[in-house]
Amino acid sequence: MRLVAALGMTLVAGTLAAQDADAGRDALRTGKYQAAIAILSKVPASDSEWFGAQLDLVHAYATIGKYDDAENTARRATAAKGGSELWNTLGEVLLLRGKRAPAESAFVRAGIAHASDSLTAALNLAVLHFDRGERDRAMKEFDRFIDVYNASLGASLTSGELAAVGTAVEYLGANDPQLFKDALKAYDRALAADPLNADARVRLGELFLRKYNFAEAQTTFDEVLQVNPLNPRALLGAARRLELDGQSGADSLLRAALNVNPDYVGARAMHAQVLMSLEDYAGAQKDVDRALAVNPASQEALAVAAAIKYLTHDQAGFDALRQRALAINPSDADFYSTLAELSAQVRLYRQAEEFAKQAVALAPKDWHAWSVLGMNELRLGQIAEGKKSLEASFTGDPYNVWVKNTLDLLDTYKNYDLITSDHFQFMIEKDESPILAIYLKDLAENAYATFQKHYAYTPPPPVRVEVYRSHADFSVRTVGLAGLGALGVSFGTTLAFDSPAAKDAGPFNWGSTVWHELAHTFTLGMTDNRIPRWFSEGLSVYEEHHAKPGWGFGVTPDFLAAFKSGKLVPVSRMNDGFMHPAYPSQVQFSYYQASLVFELIVRDWGESALQKMLQAYKEGATTDQVFQRVLNTDLKTFDAKFDDYLKARFAGVLPSLTAEPPAITRAMSVEDLQQAAANAPNDFGVQLLAGAGLLAHDQVDKAIPLLEKARGMFPEYGGDDSPYALLSAAYEKKGDKRKQADVLLKWTSLTETNVKALIKLADLQEALGDASGAADALDRAMFVNPFDMPMHQRLAALAQKTGDKARVVRERSAVVALGPVDKADALYQLAQAQHEAGDDVHARTTVLRALEEAPNYEKAQTLLLALYDARTAGGEKKP
């Protein structure tokens, strides 16, 4: 009986231990790490489940960053009889701490012992060899995995072993890109064998991410996080996906990963890069210091640390870290690729190109490095060189979507014209180049002269300007993928932006876009590209405001509401608003807010302060140092000063903006609308909506006072729902052309895309006898839509009335460029305009073209005879 009882107790204990091991494993898989540790720690060493429990326990400790506990647990297990099953796991923990030599020894021992995970140990050993620069040796080791897979046709391999095959084959893809497909198959088979293999699923997501297949990457990471929302590696992968895809939210995922494991080296390295984009190099340094304290041999952390030193002008620190990184792996191309990418992140494209060249020199088969080189060459306007580098990358890895998209785009360049002016080379699609070149040349040269004077700087020639009819093409040119929200980009002396015909970009003012991006050319160049994004963007919007009426972002009720509720970032953290916005409209608000910073600086310190600040950035000063050196103030003090400036500037409207929108609709009765306005005489929204309601009831005389009152409260707001829009309609109903024209004149000075308002203004001004004002209104409309032929014809006629001969020539040229039905007459009109402007040389050429179209065109014949007579008589006029 005692024997039976003892046997029963043993069986019960064994069953309980097995249940504990299973429960611990389930807790680990679902992210309940502390619970898993508590359960697995209780499995007795005498139980057959103990080694499995110890393996899971090591993983639990390592996942939350308790690396010492993980190592000690693994060592105890390997010291026990039968502990060979944990040699590979011990090696992985040692590798996380940068203990490469003992890790290598552990992997070797796992192989010698023929442990169940010896194939994974062999993979880890090959990766270790690869990461220390023994590429040929590692590739031979990776190649054996194909033999292992083929020998068994994958049938007898476990899920973990299939994942190891997938990783090995992925490395081999550098020599044969078709093997990337086999890697994908191996991961798929691993997941078919064990759908709960989170490691295999994360590796698959990372493969998609490396090929810029963001949709598949996100789906794969989401599948992991649905089971375990606290998987740090999946959280990091999802954060990288968002960052690479230009979307917000990466910082919150990083925080989640670091909450699980504060010493997660990969997350610390990425967080440092996020802080670098915000110009917080001190914070970034803390992150990499912590990462390197955990793993002094982390190649990623060493590269980020070196980039911090480089970007903060610490050459000695940079040299020391580079020496340290290359001592670990003399062929570490990723070190230089990371330096290139982080340099490009802060617009140091020339330096990025040089780092990328060093990367490909170290590893000619590093296809990612070739792509980094090619992209930066394109940013520098080196189109032929960039294409060659990208073709090298694509030949080695045809699955990189960014590279493929960019090469496809470059193949379309044969459909573009290259047009030059004194300082520019324009690349414009052939169908659009005749009309756009007319405006673009003058606009760009005017901006160039303006900025050259403002900043006392001359960019190296030529400035390359690329104009894309497709917004998707512009997006690919900028970030390699479709979907970019911007309309233009400046890489310094290479600019790219949407054509006004880019319908998917929506209505926009291409003239102000050109002005904005060219301002970057000068501010980036003057500082050797060492300028924070917020500073450069704010200065560009400031320049737009001073170029033409209505250009650049303006103030809106939403902007002021954000200010009142404390949602605008302080000047000391302005980069946050651009690089990591907290809400969808914050980027747009930040553009306008940054421009106001310069309005304040110019008001209190003068225009010369801007040049001095730019010069300080060029000399390597931080933003704190720039403000202290030039403005004699620290950033915190300036934050308070700027806050006071906004309160004073918008003092008239801020009290009239309420947090909740007024409960007023146009369906309300006239009496109710009047009563609502009377009850809230100082509420902008109430006056505006009540006026709109009264106007809808055709109570024009009752609506106008309310709308005028609303305009007086907020005279700077020019949105489509502003008082100006309603007042224009009201005065039109009254037939008061003068007042309607005055309203439209003010309204169109506050907005840059309202073509209908500009055309209506032109109509009114012409009717009132102001041909010059009408011409100016139509001229501004051209910067939104230059493809309207009747508008060009009308503008030419108005310019003729005012005696603006140069404008007549330009508009008649535009009519010809747009391909009129009666081309002969359009050419004749242009020739006549050229003749009247004193340019008989071009007039003669143009009238001959008219006669080629219509040889018997009498007016053209008469003009040609007059031109020849003048030439014979020596009276030919030349421009």
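## Close-up views of a predicted model

**View 1. A polar contact of 3.2 Å links the side chains of E432 and R469.** A polar contact is a pair of N or O atoms within 3.5 Å; within protein, one must be able to donate a hydrogen and the other to accept it, and residues adjacent in sequence count only if both atoms are side-chain atoms. The model is predicted, so local features need pLDDT of at least 70 and side-chain atom pairs pLDDT 80 or more, while totals for chains, interfaces and linings use all residues. Residues are numbered from 1 along each chain as its sequence is written, and side-chain values use heavy atoms, with hydrogens and water left out.

Find E432 in the loop between strand 2 (424–429) and helix 24 (433–455). Helices (H or I, at least four residues) and strands (E, at least two) are DSSP runs, numbered from the N terminus. Is E432 buried or exposed? E432 is buried, because its relative accessible area is 2% (buried means under 20%, exposed over 50%, partly exposed in between, with a 1.4 Å probe and protein chains only). Leaving out residues up to four places away in sequence, E432 touches R469, S499, A501 and F787 (contact means heavy atoms within 4.5 Å).

**View 2. Five strands form an open sheet.** Two strands pair if DSSP finds at least two bridges between them. The strand order is 1-2-3-5-4, and the pairing is mixed. Strand 1 (416–420) and strand 4 (488–490) stand at the edges; each has a single partner strand, so one side of each lacks a neighbour in the sheet. From one strand to the next, the twist averages 15 degrees. Angles run from 0 to 180 degrees between N-to-C directions, and axes are lines fitted to C-alpha atoms, for helices over the stretch in contact.

**View 3. Strand 1 and strand 2 form a hairpin.** Three residues make the connection between these strands. Strand 1 and strand 2 run antiparallel and are joined by five bridges. Which residue of strand 2 is the bridge partner of D417? The partner is I428. Next along, L418 has M427 of strand 2 as its bridge partner. In a regular strand, side chains alternate between the two faces of the sheet.

**View 4. Helix 25 lies across four strands of the sheet.** Helix 25 covers residues 471–479. The strands it crosses are strand 1, strand 3 (463–468), strand 4 and strand 5 (494–498). Relative to strand 5, helix 25 runs at about 150 degrees.

**View 5. Helix 13 and helix 14 cross at roughly 165 degrees.** Helix 13 holds residues 232–244, and helix 14 holds residues 250–260. Their axes come within 8 Å. The two helices are therefore roughly antiparallel (angles over 145 degrees; under 35 is roughly parallel, 65 to 115 roughly perpendicular and the rest oblique). A crossing is left-handed if the near helix is turned anticlockwise from the far one by less than a right angle, and right-handed if clockwise. Here the crossing is left-handed. Helix 13 makes the contact with P232, L235, L236, A238, A239, L242 and E243. Helix 14 contributes A250, L253, L254, A256, A257 and V260.

**View 6. I601 is buried in helix 30.** Helix 30 spans residues 586–605 and holds I601. I601 counts as buried because its relative accessibility is 0%. Apart from residues up to four places away in sequence, I601 touches G606, A609, L610, M613, L631 and F638.

**View 7. Three backbone spots stand out for their angles.** Most residues other than glycine have a negative phi, and most peptide bonds are trans. P461 and P462 are joined by a cis peptide bond, with omega about -15 degrees. P462 sits in the loop between helix 24 and strand 3. R347 is not a glycine, yet its phi is positive, about 70 degrees. The loop between helix 19 (333–345) and helix 20 (349–362) holds R347. R347 counts as buried, because its relative accessibility is 13%. D698 is not a glycine either, and its phi is positive, about 65 degrees. D698 lies in the loop between helix 35 (684–696) and helix 36 (700–713). D698 is exposed, because its relative accessible area is 52%.
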